[in-house]
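Work through the exercises below with the sequence and the model open. Try each task before reading its solution.

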Amino acid sequence: MRTKLVAGNWKMHGGLAANRELLDALKAASADWSGVESAVCVPFPYLHQVRELLRGTPIAWGAQNLSEHEAGAYTGEVSGAMLRDFECRYVIVGHSERRRLYGEQDAQVAAKFAAAQRAGLVPILCVGETLEEREQGATEAVVARQLDAVLDTAGVAALRNAVLAYEPVWAIGTGRTATPEQAQAVHRYLRERIAGRDAEIAQEVRILYGGSVKAGNAAQLFAMPDVDGGLIGGASLIAEEFAAICKAAKAE
Ligand code: PGA
């Protein structure tokens, strides 16, 4: 039985006052989703604040990116060890916005995935196709390529300490969610592909869905057999929405 995980991706949003208000509300509501794991992935400058506010609560925290390097002359970069200093559990790796806007290629994503695990972090590896790729019938080929780039370097056993997230690019921030059936089809495909390397690990690994998840559609998505929770962007900034999504994961 895979424990559901709902992770918020705040992206480049937040502020000291707004974060406090949001997290206070989530802390107060978190008893409602006992048995579901929850986390927030926040901008680097707020990790200290978030750690102070969430320490001792059931809500974990993490970052949205890290360097593939351990340390050195990499101006503007942040290492996995630095994230561990702030007791991050998770770090998002290979988000489509990183791939698309910052040119991250499969090999760099694989290196970041490995760096996260070396630092003791749990990477949330994002894969997903663009609308054009979907329309060309290339969805499976694209997510397979993105997944294999990591498995070929890290090995399938690395998935024991990782989370996958299927995030169709056309559904991110667009209000256009994949239908539960569309999500399930890709999640099943990913799990079968992993099973080709190791059947037991394929059954254990959590595969989150991300892309315009809201309180109103979360339950149907989470009801799918291979959807093990969500990676939530916009709706993670609204306490009632995020709390309702976490509760929906509990119901399933
Ligand atoms: P969204 O973002 O929920 O705002 O679509 C999801 C994500 O990018 O992780």
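Strands are DSSP runs of E with at least two residues, and they are numbered from the N terminus. The model used here is predicted.

**Exercise 1. Where is Asn9 placed, and is Asn9 buried or exposed?**

Solution.
Step 1. Find the element: Asn9 belongs to strand β1, which covers residues 5-9.
Step 2. Take the cut-off: a residue is buried when its relative accessible area is under 20%.
Step 3. Apply the cut-off: Asn9 has a relative accessibility of 5%, so Asn9 counts as buried.
Step 4. Look at its side chain: a polar atom there lies 3.0 Å from the backbone nitrogen of Lys11.

**Exercise 2. Describe the backbone at Lys11 and at Glu87.**

Solution.
Step 1. Recall the usual case: most residues other than glycine have a negative phi.
Step 2. Place Lys11: this residue sits in the loop that joins β1 and α1 (16-29).
Step 3. Read its angle: phi of Lys11 is near 55°, a positive value in a residue that is not glycine.
Step 4. Place Glu87: this residue is in the loop between α3 (80-85) and β4 (90-93).
Step 5. Read the second angle: phi of Glu87 is near 60°, again positive in a residue other than glycine.
Step 6. Add the accessibility: Glu87 has a relative accessible area of 34%, so Glu87 is partly exposed.

**Exercise 3. How many residues line the largest pocket, and which lie nearest its centre?**

Solution.
Step 1. Recall the method: rolling a probe the size of a water molecule over the atoms shows where empty space is left.
Step 2. Give the volume: the largest pocket has about 470 Å³.
Step 3. Count the lining: 15 residues line the largest pocket, and Lys11, Met12, Gln64, Arg98 and Tyr102 lie nearest its centre.
Step 4. Sort the lining by class: eight residues are nonpolar, four are polar and three are charged.
Step 5. Find the main contributor: helix α4 (residues 96-101) gives the most to this lining, with three residues.

**Exercise 4. How many disulfides does a search of the whole structure find? Explain the result for Cys88 and Cys246.**

Solution.
Step 1. Recall the bond: a disulfide is a covalent bond between the sulfur atoms of two cysteines.
Step 2. Give the count: the search of the whole structure finds zero disulfides.
Step 3. Take the cut-off: the two sulfur atoms must be within 2.5 Å.
Step 4. Test Cys88: the closest cysteine sulfur is in Cys41, 8.0 Å away, which is too far for a bond.
Step 5. Test Cys246: its closest cysteine sulfur is also in Cys41, at 12 Å, and this is too far for a bond.
Step 6. Check accessibility: Cys88 is buried, with a relative accessible area of 0%, and Cys246 is buried at 0% relative accessibility.

**Exercise 5. Compare the span of helix α8 with the expected span, and list its buried residues.**

Solution.
Step 1. Count: helix α8 (residues 180-195) has 16 residues.
Step 2. Compare: from first C-alpha to last, α8 reaches 22 Å, close to the 22 Å expected at 1.5 Å a residue.
Step 3. List: the buried residues of α8 are Pro180, Ala183, Gln184, Val186, His187, Tyr189, Leu190, Arg191 and Ile194.
Step 4. Check one entry: Val186 has a relative accessibility of 6%, so Val186 counts as buried.

**Exercise 6. Set separation in sequence beside distance in space for three pairs, C-alpha to C-alpha.**

Solution.
Step 1. Take Asn65, in the loop between β3 (59-63) and α3: Asn65 and Ile124 are 59 residues apart in sequence and 9.9 Å apart in space.
Step 2. Take Ile172, in the loop between β6 (163-166) and α8: Ile172 and Gln203 are 31 residues apart in sequence and 26 Å apart in space.
Step 3. Take Val186, in helix α8: Val186 and Glu37 are 149 residues apart in sequence and 23 Å apart in space.

Note on methods. Residues are numbered from 1 along each chain as its sequence is written. This is a predicted model: local features need pLDDT of at least 70, side-chain atom pairs count only at pLDDT 80 or more; totals for chains, interfaces and linings use all residues. Side-chain values use heavy atoms; hydrogens and water are left out. On a 1 Å grid over the protein atoms alone, a cavity is a set of points where a 1.4 Å probe fits but cannot get out, and a pocket is an open set with protein on both sides within 12 Å along at least five of seven lines; lining residues have an atom within 4 Å of a point. Grid points are joined across faces, edges and corners, and a volume is the space filled by probe spheres set on the points. Helices (H or I, at least four residues) and strands (E, at least two) are DSSP runs, numbered from the N terminus. Ala, Val, Leu, Ile, Met, Phe, Trp, Tyr, Cys and Pro count as nonpolar, Asp, Glu, Lys and Arg as charged, and the others, Gly among them, as polar. Buried means under 20% relative accessible area, exposed over 50%, partly exposed in between (1.4 Å probe, protein chains only). The expected span of a helix is 1.5 Å times one less than its number of residues. A polar contact is a pair of N or O atoms within 3.5 Å; within protein, one must be able to donate a hydrogen and the other to accept it, and residues adjacent in sequence count only if both atoms are side-chain atoms.
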